[in-house]
Amino acid sequence: MASAAEMQEAFADFACTEVDRSSIVIFPFRCDLGFNIRIGKNVIVNYDCTFLDTAP
């Protein structure tokens, strides 16, 4: 299993954005396009979360 830091880094690479160290991303997650995704501080993205990111 990947560490929290590895999952944050993978999410940041995929979404082309920074992820605050206070946020947690637990894989797997799904999305439509992979852009228009931003998460702030103290956010938890739990496993099997789906982002509908087609709107600007």
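The largest nonpolar core in this predicted model has ten residues: Phe-11, Ala-12, Ala-15, Val-19, Val-25, Phe-29, Ile-37, Ile-39, Val-45 and Phe-51. A nonpolar core here is a set of buried Ala, Val, Leu, Ile, Met, Phe, Trp, Tyr and Cys residues joined through side-chain atoms within 4.5 Å. Helix H1 gives the most to this core, with three residues. In soluble globular proteins, nonpolar side chains tend to be buried together.

A quick word on the ground rules: residues are numbered from 1 along each chain as its sequence is written. This is a predicted model, where local features need pLDDT of at least 70, side-chain atom pairs count only at pLDDT 80 or more, and totals for chains, interfaces and linings use all residues, while side-chain values use heavy atoms and leave out hydrogens and water.

**Helix H1**
- Helices (H or I, at least four residues) and strands (E, at least two) are DSSP runs, numbered from the N terminus.
- H1 has twelve residues that should span 16 Å at 1.5 Å a residue, and its end C-alpha atoms are indeed 16 Å apart; the expected span is 1.5 Å times one less than the number of residues.
- The buried residues of H1 are Met-7, Gln-8, Phe-11, Ala-12 and Ala-15, where buried means under 20% relative accessible area, exposed over 50% and partly exposed in between (1.4 Å probe, protein chains only).
- Look down the axis of H1 and those buried residues fall within an arc of 135°, so they line one face of the helix; the arc is that of the directions from the helix axis to the C-beta atoms.
- Turned away from that buried side is a face carrying the exposed residues Ala-5, Glu-9 and Asp-13.
- The buried residues of H1 pack against E1, strand E2 (29–31) and strand E4 (49–51).

**Aromatic pairs**
- The whole structure holds five aromatic pairs; rings of Phe, Tyr and Trp (its six-membered ring) pair if their centres lie within 6.5 Å, with planes under 30 degrees apart counted as stacked, over 60 as edge-to-face and the rest as tilted.
- Phe-11 and Phe-51 make a tilted pair, 5.9 Å centre to centre with 50° between the planes.
- That pair links distant parts of the chain, with Phe-11 in helix H1 and Phe-51 in strand E4, 40 residues apart.
- Phe-11 is buried at 0% relative accessibility, and Phe-51 is buried too, at 17%.
- Phe-14 and Phe-29 have ring centres 5.6 Å apart and planes at 75°, so this pair is edge-to-face.
- Phe-14 counts as partly exposed at 41% relative accessibility, whereas Phe-29 is buried at 15%.
- Phe-11, Phe-14, Phe-27, Phe-29 and Phe-51 form one aromatic cluster.

**Around Thr-17**
- Thr-17 sits in the loop between helix H1 (4–15) and strand E1 (24–25), and at 16% relative accessibility it counts as buried.
- Leaving aside neighbours within four places in sequence, Thr-17 is in contact (heavy atoms within 4.5 Å) with Ala-12, Ile-37 and Arg-38.

**Backbone oddities**
- Most residues other than glycine have a negative phi, and most peptide bonds are trans.
- Cys-16, just after H1, takes a positive phi of about 55°.
- Asn-42 also has a positive phi of about 55°, and at 62% relative accessibility Asn-42 counts as exposed.
- The peptide bond from Phe-27 to Pro-28 is cis, with omega near 5°, and Pro-28 lies in the loop between E1 and E2.
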